[in-house]
Amino acid sequence: MLVIGIAGGSGSGKTSVVKKIIQSIPREKVSVLSQDSYYKDNGDLTQEEKERINFDHPDAIEWSLIAKHVEELRQGQTIQMPTYSYVTCARGKDTVPVKPCDVLIVEGILIFTDPELCKVLDLKVFVDTDADERLIRIIQRDVNERGRGLDKSIIHYQNFVKPMHELFIEPSKRLADIIIPVGGENEKGIDILTSKIRQTVGII
């Protein structure tokens with residue numbers, strides 16, 4: 001199994017890169033674990049407490065469970081990936097079965113900040129996008145998907161996203177084996193990456 005880590009700032013286009021990789025590889029050959037599914041369950045907090053959660057800090061993630069699931073997949077076991085709601089800040093009752101495949105993609109903004117997870121990543125990819133472009137995408141996502149108003153989205157960016165990006169995410173770029181600028185729009189970069197993946201796992 002080839003384990004690929006895809007990191008980058010919030011709104012950088014990681015999801016678009018992952019989707020294009022999947023489109024270029026037979027679907028039965030690739031599985032995906034999303035860091036966003038492994039946020040700690042905070043459903044019992046008050047609304048005021050939930051609004052103070054720093055989703056951009058490594059402490060918000062249950063890294064031990066991600067590591068456990070990666071190891072189980074490498075051993076040929078199917079795992080049950082959690083589901084998580086940013087609206088309720090709680091894990092859902094349902095889980096998503098993920099089967100072991102030739103390629104496992106682990107994606108998320110903070111995945112290079114966990115030393116143990118980095119050890120099992122065979123290939124580390126950083127999606128690098130300008131801050132102003134990421135900010136626009138973050139605001140659109142917050143308003144349309146996460147139930148935040150425009151004002152709250154901007155405050156959240158200023159208090160959490162921007163400082164945590166500078167403290168944790170941007171420095172983690174130096175760990176990357178490959179850097180893809182401008183995210184999913186970089187067709188040539190993604191083509192080179194997918195060619196490397198196909199060659200490594202023997203996909204014609």
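These exercises work through the pockets, a surface patch and the salt bridges of a predicted model.

**Exercise 1. Describe the lining of the largest pocket.**

Step 1. Start with the volume: the largest pocket has about 670 Å³.

Step 2. Find the lining. It comprises 29 residues, and Thr15, Asp36, Tyr86, Arg141 and Arg146 lie nearest the centre.

Step 3. Assign elements. Helices α1 (14–24), α5 (131–145) and α6 (150–172) each give two or more residues. The largest share, six residues, comes from α5.

Step 4. Sort by class. The lining has seven nonpolar, 11 polar and 11 charged residues.

**Exercise 2. Do likewise for the second largest pocket.**

Step 1. This pocket holds about 390 Å³ of space.

Step 2. Its lining has 16 residues, with Gln47, Lys50, Glu51, Arg148 and Lys152 nearest the centre.

Step 3. Both α2 (47–50) and α6 supply at least two lining residues. The largest share, five residues, is from α6.

Step 4. The classes are seven nonpolar, four polar and five charged.

**Exercise 3. Place Val143 in its surface patch.**

Step 1. Val143, Leu150 and Ile154 make a nonpolar surface patch of about 230 Å².

Step 2. Val143 sits in helix α5.

Step 3. Its relative accessibility is 40%, so Val143 counts as partly exposed. Patch residues need over 30% relative accessible area.

**Exercise 4. Which parts does the salt bridge between Glu187 and Lys20 tie together?**

Step 1. Recall the principle: side chains of opposite charge can pair when their charged atoms come close.

Step 2. Check the distance. The side chains of Glu187 and Lys20 meet at 2.8 Å, N to O. The cut-off for a salt bridge is 4 Å.

Step 3. Locate the partners. Glu187 is in helix α7 (residues 187–201) and Lys20 in helix α1, so the pair ties together parts 167 residues apart in sequence.

Step 4. Check exposure. Glu187 is partly exposed at 42% relative accessible area. Lys20 is partly exposed at 24%.

**Exercise 5. Analyse the salt bridges within helices α3 and α4.**

Step 1. In α3 (residues 63–74), Lys68 and Glu72 lie four residues apart, about one turn of the helix. Their closest N and O atoms are 2.8 Å apart.

Step 2. Compare the burial of these partners. Lys68 is partly exposed at 45%. Glu72 has 17% relative accessible area and is therefore buried, the limit being under 20%.

Step 3. In α4 (residues 115–119), Lys119 and Glu116 are three residues apart, about one turn. Their salt bridge spans 3.2 Å, N to O. Lys119 is exposed at 62%.

Step 4. Widen the view. The structure holds 11 salt bridges. Asp128, Glu170 and Lys173 are linked in a network of them.

How values were computed:
Residues are numbered from 1 along each chain as its sequence is written. This is a predicted model: local features need pLDDT of at least 70, side-chain atom pairs count only at pLDDT 80 or more; totals for chains, interfaces and linings use all residues. Side-chain values use heavy atoms; hydrogens and water are left out. On a 1 Å grid over the protein atoms alone, a cavity is a set of points where a 1.4 Å probe fits but cannot get out, and a pocket is an open set with protein on both sides within 12 Å along at least five of seven lines; lining residues have an atom within 4 Å of a point. Grid points are joined across faces, edges and corners, and a volume is the space filled by probe spheres set on the points. Ala, Val, Leu, Ile, Met, Phe, Trp, Tyr, Cys and Pro count as nonpolar, Asp, Glu, Lys and Arg as charged, and the others, Gly among them, as polar. Patches are made of residues with over 30% relative accessible area and no salt bridge: like charges are joined within 9 Å, nonpolar side chains (Val, Leu, Ile, Met, Phe, Trp, Tyr) within 5 Å. Accessible areas come from the Shrake-Rupley method with a 1.4 Å probe; for residues, only the protein chains shown count as cover. Buried means under 20% relative accessible area, exposed over 50%, partly exposed in between (1.4 Å probe, protein chains only).
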